[in-house]
Amino acid sequence: MMQYTATKQFISALASVGSEILGDDHALLSKIKSAGPAPDGRTVEEIQNAISALPEETCDALMSAVHKHMREDISAIWSQLPHASEDKPH
């Protein structure tokens, strides 16, 4: 379960920052958009292969932006905390 959630968060971050580095019409972003909110294993593999095929400098810039986004996305962090979504009186 956690691996799937982490994969979804990674792909979401990739979609969020990808256009800044790759451009809105890049094939990788089109693949992510067409996959929808729950990409299957084959699509995840295709996304990984597309990332690996990028020029090294582009890939480095993209991964740096993705990881920054993931570190700073408080909603993603919050969703990983046990009982975070439960409404509890303080």
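This passage describes the helices, the salt bridges and one long-range contact set of a predicted model.

The protein contains five helices and zero strands, and its elements follow the pattern α-α-α-α-α when read along the sequence. The mean pLDDT of the protein is 83, with 79% of the residues scoring at least 70. Confidence is not uniform over the helices: the lowest mean, 68, is found in helix α5, which spans residues 74-79, and the highest, 94, in α4. Of the 90 residues, 27% count as buried, and the accessible surface amounts to about 6400 Å², of which 55% belongs to carbon and sulfur atoms. Among the contacts with a sequence separation of 6 or more, 61% are accounted for by residues 24 or more positions apart.

Helix α2 comprises residues 27-35, and its residues Leu28, Leu29 and Ile32 are buried. These three residues cover an arc of only 95° around the axis, which puts them on the same side of α2. The face turned away from that buried side carries the exposed residues Ala27, Lys33 and Ser34. Such an arrangement can be read against the geometry of the α-helix, which has 3.6 residues a turn, so that residues three or four places apart point the same way. After α2 comes Gly36, for which phi is positive, near 75°.

Helix α3, formed by residues 41-52, has 12 residues and reaches 17 Å from its first C-alpha to its last, a span close to the 16 Å expected at 1.5 Å a residue. Its buried residues are Thr43, Val44, Ile47 and Ile51. Viewed down the axis of α3, these buried residues fall within an arc of 105°, so they line one face of the helix. On the other side of α3, the residues Gly41, Arg42 and Ser52 are exposed.

Three salt bridges are present in the structure. Side chains of opposite charge can pair when their charged atoms come close. One of the bridges joins the side chains of Glu46 and Lys31, with an N to O distance of 2.5 Å. Because Glu46 lies in helix α3 and Lys31 in helix α2, this pair ties together parts that are 15 residues apart in sequence. Both partners are partly exposed, Glu46 at 26% relative accessibility and Lys31 with a relative accessible area of 30%.

Glu46 also forms a salt bridge with Arg42, in which the closest N and O atoms are 3.2 Å apart. In this case both residues lie in helix α3, four residues apart, or about one turn of the helix. Arg42 counts as exposed, at 63% relative accessibility, whereas Glu46, at 26%, is partly exposed. Taken together, Lys31, Arg42 and Glu46 are linked in a network of salt bridges.

A further salt bridge is found between the side chains of Lys68 and Glu72, with an N to O distance of 3.0 Å. These two residues both belong to helix α4, which covers residues 56-72, and they stand four residues apart, about one turn of the helix. Lys68 counts as partly exposed, at 42% relative accessibility, while Glu72, at 52%, counts as exposed; with the limit for an exposed residue set at over 50%, the value of 52% places Glu72 in the exposed class.

Phe10, located in helix α1 (residues 2-22), provides an example of a pairing between residues distant in sequence. Phe10 and Val66 are separated by 56 residues along the chain, yet their C-alpha atoms are 7.3 Å apart in space. When neighbours within four places in sequence are left aside, Phe10 is in contact with Ile51, Met63, Val66 and Met70. One of these partners, Ile51, is also listed among the buried residues of α3, while Val66 is the residue for which the C-alpha distance of 7.3 Å to Phe10 applies.

Technical notes. Residues numbered from 1 in each chain as written. Predicted model: local features only at pLDDT ≥ 70, side-chain atom pairs only at ≥ 80, totals over all residues. Heavy atoms only, no water. Expected span 1.5 Å × (residues − 1). Buried < 20%, exposed > 50% of the residue type's maximum accessible area, 1.4 Å probe, protein only. Arc of directions from axis to C-beta. Contact = heavy atoms within 4.5 Å. Areas by Shrake-Rupley, 256 points an atom, 1.4 Å probe, with all protein chains shown as cover. Salt bridge = Lys/Arg side-chain N within 4 Å of Asp/Glu carboxyl O. pLDDT = per-residue confidence, 0-100.
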